[in-house]
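Hello,

Here is the structure I promised to hand over. Please open it next to this email and follow along.

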Amino acid sequence: MGVRFRVPLQKLHPLSRAIYHRYSGNNNPHRTPHRTAARYFTSMSRLPMRPLKPPPRSGGHRYQQQRNFWVASLAARLLRLRYILLGTAVGGGYTAKKTYEEWKEMLPDFSEYNWVIPDFVWELSEQIDLDKLAKALPEMEDMAKLLPDFEKIGENFTFLKSLLSSETSGDPALKATDASAGAAHDAGDKQYKKGLLGELILIQQQIQQHEEEVQRAAAANSTRSPPQGPSPNPNPSTQTRKSSDKEKLDQLQEELLRTQLKYQRMLERLEKENKELRKVVLQKDDKGIHQRKVKKSLIDLYSEVLDILSDYDANYNTQDHLPRVVVVGDQSAGKTSVLEMIAQARIFPRGSGEMMTRSPVKVTLSEGPHHVAMFKDSGREFDLTKEEDLAALRHEIELRMRKSVKEGQTVSSETISLSVKGPGIQRMVLVDLPGVISTVTTGMASDTKETIFSMSKAYMQNPNAIILCIQDGSVDAERSIVTDLVSHMDPHGKRTIFVLTKVDLAEKNLASPSRIQQIVEGKLFPMKALGYFAVVTGKGSTGESIDAIKDYEEDFFQNSRLLRDGMLKAHQVTTKNLSLAVSDCFWKMVRESVEQQADVFKASRFNLETEWKNNYPRLRELDRNELFEKAKNEILDEVISLSQVTPQHWESILQKKLWERVSTHVIENIYLPAAQTIDSGTFNTTVDIKLKQWTDKQLPHKALEVAWETLQEEFARFMAEYKGKDQDDIFDKLKEAVKDEGIKRHKWNERALDSLRVIQHNALEDRSITDKPQWDAAIQFMEETLQSRLKDTESVIRDMVGPDWKTRWFNWTNRTPEQHVRNETKNELDRLLKLHDDHTAYLANDEVTTVRKNLEGRGVEVDPVLIKDTWHQLYRRHFLQKALSHCNLCKRGFYYYQRHFVDSELECNDVVLFWRIQRMLVITANTLRQQLTNTEVRRLEKNVKEVLDDFGEDMEKKTQLITGRRVQLAEDLKKVREIQEKLEAFIEALHKEK
């Protein structure tokens with residue numbers, strides 16, 4: 001029928017292919033079609049289908065019978081045709097409905113792709129009621145019912161034709177139709193199978209045939225060869241036959257080589273086409289990457305497990321035995337070049353003879369739509385098709401390597417994790433190690449050689465690691481170091497792949513190319529391997545591109561006598577074949593060992609959980625990061641508590657501490673010198689001058705120092721009080737470090753200094769005491785200050801002269817010789833003060849001489865400096881005692897103060913001085929309190945947050961400050977659980993891929 005056509009199934013869209021499979025007709029010629037079976041159950045199929053005779057011209061009874069029979073027969077057939085058409089209509093409608101439902105289920109959800117529709121369409125939908133318009137249109141199901149089912153119509157017409165035909169037994173029409181349709185389908189399939197794939201199969205058969213012919217020719221040549229020893233009379237016919245056999249053998253070998261190369265080129269062309277197709281598919285799939293949850297590839301899941309294991313400090317004998325490809329070789333053997341050829345990009349830094357690989361580099365290779373590279377701990381993508389990105393990537397790798405090397409070392413064991421994606425890249429995980437060296441040169445650490453050996457052994461001793469042993473083919477095999485190391489770690493060669501690099505130089509320099517054959521056959525080195533490969537990684541120029549190197553490698557092996565003479569097999573050459581072989585070995589090893597490793601980590605998790613339950617049954621399993629977050633919240637709560645301190649508390653503390661800081665200066669440098677004046681005017685002038693000098697130079701700075709110290713002490717007090725509230729002592733070191741660093745970073749606002757100086761200057765200039773309570777408060781303040789000073793002075797004098805007679809009698813102590821001299825000097829000076837009660841603060845020289853001579857008369861030798869020092873303390877006590885007496889007299893002097901001490905012998909200017917000092921302290925404390933609560937507490941909180949953020953980003957700092965077995969156990973539990981979960985997810989994905 002015209003509506004039924006045959007198309008090769010491979011050329012259909014996947015959606016159409018699914019429908020084609022479901023609704024396509026029966027292609028099996030041995031199975032009876034359903035319409036033929038349906039015809040066997042009709043009554044009309046049993047009627048003889050003879051051609052009708054025309055009625056005779058003359059009427060009669062016979063003619064009437066024949067006409068009636070013909071009319072009845074036609075009516076019966078039309079009645080059955082009605083049922084057939086009715087059944088066809090019902091079946092067609094049901095099939096259309098079913099087809100619509102299945103198409104509807106198979107279509108994807110296009111709501112995720114609304115972003116593709118331009119904005120003007122949505123603006124148009126606001127102007128036009130599209131819903132109303134859509135409701136006016138007929139439903140899709142009704143439209144599907146209206147469309148004719150061409151397949152059913154074709155089947156029914158064929159069935160009707162068979163009913164009206166005269167041949168009913170054999171059904172030749174239907175058989176012919178099915179046969180022609182089947183033949184057309186087979187012809188289409190055969191036509192599709194022809195082409196490149198069929199040519200490849202044919203070439204492969206030719207290669208096998210040529211190899212068999214070469215082997216038979218070689219066997220026949222060996223059987224016809226004469227016995228050993230010289231032949232005296234060689235037969236000319238025998239020699240001719242030998243030469244012809246040799247020519248035939250050479251011809252067959254050349255033909256075999258050409259066929260293999262042709263086969264290889266076709267495979268590469270197929271792979272290239274497949275690569276382009278996969279790139280297109282991946283790009284289409286990549287468009288919706290932000291519209292749905294990203295599904296990680298199998299190799300990415302596996303790489304994440306290896307990254308976690310590299311940071312995991314294994315306990316309980318849980319070792320990392322997961323497979324990876326370990327690339328080892330002598331320095332400058334070409335390890336990095338081989339890895340770049342596998343990754344299809346020049347991604348590593350290069351140097352001529354210099355050690356460039358200074359730390360292990362883990363490279364995760366996977367397939368993707370774009371050729372990009374990315375570090376594990378960075379979100380930047382390097383486009384490997386752009387030279388500037390390649391240069392930036394090489395520079396970044398070199399910086400990371402140098403940064404990982406500690407001072408005084410040459411290499412580092414810290415792993416740099418890098419992922420490379422691109423079309424056609426084989427999936428695997430490789431670790432490039434520093435090259436093995438034989439001699440430590442100038443500039444290297446003395447233990448560099450041993451460090452590289454131990455690092456290589458640590459990676460290779462993994463029983464599931466695949467060792468990619470790189471050997472430089474351009475140097476003598478006897479100079480190889482790495483082969484002995486590999487043979488020691490893998491003596492049976494069950495997981496080693498040997499790669500011979502720089503074969504082009506080896507063929508040019510070696511006098512006997514058969515040594516290369518011995519190497520790749522495993523006969524020259526003592527080590528054994530799963531496979532041997534020979535590769536060429538360029539001409540040695542750093543500017544060569546990967547494509548140029550591939551072309552050079554292909555041209556070399558096409559023209560090389562190594563391949564032409566059969567020394568190397570076609571599957572043993574090129575980095576392409578190497579990468580395929582390494583990838584196959586890698587995934588084979590992964591499938592064989594990954595489940596066993598998952599069981600090991602499951603057992604380790606059980607051990608860790610058991611230890612936690614026994615030692616910390618009532619504590620949650622918080623790792624170091626979670627503990628840091630908990631401590632961070634507690635510290636911030638303590639800082640916020642500073643804002644809840646009452647103003648009265650702040651002012652009381654500030655006022656007290658400020659007076660403790662400045663009281664000595666006020667008494668010694670202001671009050672005592674002013675008190676030595678002869679009248680009140682001089683006293684007030686001296687006080688004003690000294691207060692002005694003090695305010696300009698020292699007082700504001702002292703006030704800010706006091707405020708800053710008060711803030712620190714209050715912060716420490718709150719942290720100490722919070723510690724008593726069931727705080728975890730595991731945070732002590734962290735909180736102390738945060739407090740110290742926060743205080744160190746905090747600096748008082750410098751603009752507050754000038755404003756504070758003005759406020760203090762204005763406060764000290766005011767002398768107006770407005771009421772009696774202020775006067776009494778000043779008297780009390782002065783009295784307390786003088787009593788405190790007198791007490792300190794008497795304590796100093798006691799220390800100078802030693803214990804008195806009562807203390808000596810009860811405690812059995814004596815004075816020292818110096819104290820005896822001091823005591824005698826004190827007694828002599830006391831007599832002087834009693835004689836001159838109004839003596840000045842300083843002794844005259846003649847007075848010092850008199851005192852010294854009086855002491856010498858009593859047999860006491862004394863120095864004039866000691867006399868003056870003793871006089872200073874005695875006069876100080878004498879002055880303070882007189883000032884206290886005067887203070888008691890001034891308690892009733894407020895009335896005279898209001899009259900400015902006119903007509904009064906009582907002058908209380910010292911009380912006014914202490915009132916000015918007291919008022920300055922109150923105003924300064926209030927100003928500092930406002931600065932603390934409004935500005936400095938918030939700035940301290942900000943500094944503490946910054947410190948916590950810096951510590952949170954510094955894992956080394958957190959490790960130093962949050963320590964203990966509990967922390968380490970929680971860390972191990974988290975790591976083991978994460979490893980186990982990711983391994984289980986990887987195993988599940990691996991089984992799905994199978």
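The buried residues of α30 (845-857) are covered by neighbours that include α29 (817-835) and α31 (864-889). Keep in mind that this is a predicted model.

Which residues of α30 are buried? They are E847, V848, V851 and L855. Look down the axis of α30: its buried residues fall within an arc of 100°, so they line one face of the helix. Now turn to the face away from that buried side. There you will find the exposed residues N845, D846, K853 and G857.

Helix α30 has 13 residues. From its first C-alpha to its last it reaches 18 Å, close to the 18 Å expected at 1.5 Å a residue. Just after α30 comes G859, with a positive phi of about 85°.

Next, the sheet. It is open and has 9 strands, with mixed pairing. The order is β4-β3-β5-β2-β6-β1-β7-β8-β9. Strands β4 (382-383) and β9 (531-534) stand at the edges. Each has a single partner strand, so one side of each is left without a neighbour in the sheet. In general, strands of a sheet pair through backbone hydrogen bonds, either parallel or antiparallel.

How do β8 and β9 pair, parallel or antiparallel? Strand β8 (residues 496-501) pairs with β9 in the parallel sense, over 4 bridges. To find your place there, look for L500, which stands opposite A534 in β9.

One helix to check against the sheet is α15 (residues 482-489). Helix α15 lies across β1 (325-329), β7 (466-472) and β8. It runs at about 160° to β7.

Best wishes

How values were computed
Residues numbered from 1 in each chain as written. Predicted model: local features only at pLDDT ≥ 70, side-chain atom pairs only at ≥ 80, totals over all residues. Heavy atoms only, no water. Pairing = 2+ DSSP bridges. Helix = DSSP H or I, 4+ residues; strand = E, 2+ residues; numbered from the N terminus. Contact = heavy atoms within 4.5 Å. Axes fitted to C-alpha atoms, helices over the stretch in contact; angles between N-to-C directions. Expected span 1.5 Å × (residues − 1). Buried < 20%, exposed > 50% of the residue type's maximum accessible area, 1.4 Å probe, protein only. Arc of directions from axis to C-beta.
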